[in-house]
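Colleague: I have a structure here that I would like to understand better. Could you walk me through it slowly?

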Amino acid sequence: QVQLVESGGGLVQAGGSLRLSCAASGTIFSIATMGWYRQAPGKQRELVSTVTSRDSTNYADSVKGRFTISRDNTKNTVYLQMNSLKPEDTAVYYCNARYSISWPRSKTYDYWGQGTQVTVSS
């Protein structure tokens, strides 16, 4: 079983910064793609950023140049450094872990954290 626990959310003014952390338990962290998603009230959950087990990263266009995702495999932790925050970034941010197996049958596993609130005031 895998458990993900997010921390670091809070209230900041526009232009400020926050650093989110996601600590993973279990034995699959090193082979999993880790990601951050967010969901604002009344909106669909959307991808923010991902980082693979080989440190390949992807970002939503809305956060490119402002957010940085990273992982520390020695601590089983993934981070999201958020700079130049905007009110539009206000949402609950969720940590995600995904990995796949091919034997004895092909299957993809997804795990989610409980979420942490980020509020950016104007």
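Modeller: Let us start with one pair of strands, keeping in mind that this is a predicted model. The bridge partner of Ile69 in β8 is Leu80, and β7 and β8 as a whole run antiparallel, joined by 6 bridges.

Colleague: And what lies between β7 and β8?

Modeller: The two strands form a hairpin with 4 residues between them, and in that turn Asn76 has a positive phi of about 50 degrees.

Colleague: Which other strand is joined to β8?

Modeller: β3 is joined to β8 by 6 bridges, and these two strands also run antiparallel. One of the pairings is between Ala23 and Thr77, the latter being the partner in β8.

Colleague: Is β8 mostly buried or exposed, then?

Modeller: Of the 6 residues of β8, 5 are buried, so the strand is largely enclosed by the rest of the structure.

Colleague: Let me pick out Thr77. What does its side chain reach?

Modeller: The side chain of Thr77 reaches the backbone oxygen of Lys75 at 2.9 Å. Thr77 is itself buried, with a relative accessible area of 8%, and, leaving aside residues up to four places away in sequence, the residues it touches include Cys22, Phe29 and Arg71.

Colleague: You mentioned Cys22. Which residue does a disulfide join it to?

Modeller: The disulfide joins Cys22 to Cys95, with an S to S distance of 2.1 Å. Cys22 lies in strand β3 and Cys95 in strand β9, so the pair ties together parts that are 73 residues apart in sequence.

Colleague: Is that disulfide left-handed or right-handed?

Modeller: The torsion about the S-S bond of Cys22 and Cys95 is about -85 degrees, so the disulfide is left-handed. Cys22 is buried, with a relative accessible area of 0%, and Cys95 is likewise buried at 0%.

Colleague: Changing topic, how many residues are in the largest nonpolar core?

Modeller: That core has 31 residues, and those with the most contacts inside it are Leu4, Met34, Trp36, Leu80, Met82 and Tyr93. The elements that give two or more residues to this core include β3, β7 and β8, while β9 gives the most, with 5 residues. As a general point, nonpolar side chains tend to be buried together in soluble globular proteins.

Colleague: And what does Tyr93 touch?

Modeller: If residues up to four places away in sequence are not counted, Tyr93 touches a set of residues that includes Trp36, Leu80 and Met82, and these three are also listed among the residues with the most contacts inside the core.

Definitions and conventions: Residues numbered from 1 in each chain as written. Predicted model: local features only at pLDDT ≥ 70, side-chain atom pairs only at ≥ 80, totals over all residues. Heavy atoms only, no water. Core = buried A, V, L, I, M, F, W, Y, C linked by side-chain atoms within 4.5 Å. Buried < 20%, exposed > 50% of the residue type's maximum accessible area, 1.4 Å probe, protein only. Contact = heavy atoms within 4.5 Å. Disulfide = S-S within 2.5 Å. Polar contact = N/O pair within 3.5 Å; in protein donor to acceptor, adjacent residues only side chain to side chain. Pairing = 2+ DSSP bridges.
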